[in-house]
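Visitor: Could you take me through the surroundings of the ligand, and show me how they sit against the rest of the fold? I would like the cut-offs as well, please.

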Amino acid sequence: MAHIYFDDDGDVAVLDGKAVAVHGYGNQGQAWAHNLRDSQVRVVVGNIRDASFDQAEKDGFETFGIADAASRADIHLLLVPDEVMPRIFTSDIRPHLKPNQTVVIASGYNVTYGFLEYPPDIDLVMIAPRMIGTGVRRGYLDGRGFPSLVAAHQDASGQAIRIMLALCKAVGSLKQGAVESNCDEETLCDLFNEHFGYVYSLRRAYEILIEAGASPEAAMLEFWASGEEMELARVHMTHGIFHQLELHSQTSQYGQEITSRLTADEEDSEKQRLRRLVARIKDGTFAREWAIEQLTGYPVWKRVRAENMAHPMIAEEERLLKQLRLLERDAHLD
Ligand code: NDP
């Protein structure tokens, strides 16, 4: 059983007198910067000179180039994309690190695959939210927080866990619990969740319904545009994955528990496919393939993205987005 840390385990005062650099003012960085500042932590933002840099300044943060921010901080949050993190860390952050300072990653990826080269005299901790950035901010504002997987991967100072928990508390991740983990486990769970095929399973469902004679509108409403999925996601959280079934009609409960088991449990080929996905994550095949894509200008990704964008479901999605004004339901940072 993994240990779970809650609010009583963290003390934000541990961060008193320390400056925290948020390197990368993007999805996660914006949310973390706001949450830390609202918890009275001193924040500086490091970003390349682009629209995110301007936004950070507009939001009232002391904002610098990444190397400059690194030279002013004691704690360094690496919230740039995983693909560029090793390069930016080596060129702009590592030269400014002092012994016993703390480097924080929000994903185990670069450590698991050995891409991040960090010195032995610093603390390296992982605080990996199981939440997109808008949810990190919203959870902080409404007091519910958000869960994360955490690890003190390297503890040079002897203080890594205290600092990690202080940061977790300050960003709001001890309210729902920070689960003790490690980089490899986080990478496995995170990548597998991304690879098992959620978007394609929705598209397959759309294709099958169209094949069976449903209109595109009815098909899209069924599993997306109605917003029922959002409501379902909410009751999954409040009631549990199987207990929430009680909120459905009995026909639906029978269909979900009994009929769908025929496809879920008895389809060995699907299980084999999922096992292959796990093997590719564990033996580094995915990471190698993705690294080659980056080096060669993303040829496969560009082709598949173009094919996907040409799928009829996308046109339907775009039309309904406008027609039903779904964008208004989008979350915004404030
Ligand atoms: P983003 O894609 O939002 O990028 C973060 C920032 O890095 C942005 O300000 C971006 O600028 C900047 N940036 C992009 N390219 C470069 C570059 N070449 N050089 C310097 N800066 C660059 O990242 P995320 O917030 O999504 O991810 C940050 C970390 O958080 C990653 O480790 C990720 O795995 C982890 N994470 C992300 C989650 C998520 O929901 N997004 C969830 C949990 C963990 P610009 O905006 O101008 O592109």
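Guide: Gladly; here is the ligand shell, followed by the sheet and its helices. This is a predicted model, in which local features need pLDDT of at least 70 and side-chain atom pairs count only at pLDDT 80 or more, while totals for chains, interfaces and linings use all residues. Residues are numbered from 1 along each chain as its sequence is written, and side-chain values use heavy atoms, with hydrogens and water left out.

Let us begin at the ligand. It is surrounded by 23 residues, each with a heavy atom within 4 Å of it; N27, Q28, D50, S52 and D82 are the closest. Sorted by class, the shell holds 12 nonpolar, eight polar and three charged residues; here Ala, Val, Leu, Ile, Met, Phe, Trp, Tyr, Cys and Pro count as nonpolar, Asp, Glu, Lys and Arg as charged, and the others, Gly among them, as polar.

Now for the polar contacts (pairs of N or O atoms within 3.5 Å). The side chain of D50 places an N or O atom 2.2 Å from a ligand oxygen. The backbone also takes part: an N or O atom of Q28 lies 2.9 Å from an oxygen atom of the ligand, and for G26 the corresponding distance is 3.4 Å. Alone, the ligand exposes 880 Å², of which the protein buries 72%, by the Shrake-Rupley method with a 1.4 Å probe. Helix 1 (27–38) and helix 4 are the elements giving two or more residues to the shell, and helix 4 supplies the largest share, three residues. Helices (H or I, at least four residues) and strands (E, at least two) are DSSP runs, numbered from the N terminus.

Helix 4 leads us on to the sheet. Residues 85–93 form this helix, which lies across strand 2 (19–23), strand 5 (75–78) and strand 6 (102–105), at about 150° to strand 5. Contact means heavy atoms within 4.5 Å, and angles, from 0 to 180 degrees, are taken between N-to-C directions of axes fitted to C-alpha atoms, for helices over the stretch in contact. The sheet itself is open, with nine strands in the order 1-9-8-7-6-5-2-3-4 and mixed pairing; two strands pair if DSSP finds at least two bridges between them.

Methods: A polar contact is a pair of N or O atoms within 3.5 Å; within protein, one must be able to donate a hydrogen and the other to accept it, and residues adjacent in sequence count only if both atoms are side-chain atoms.
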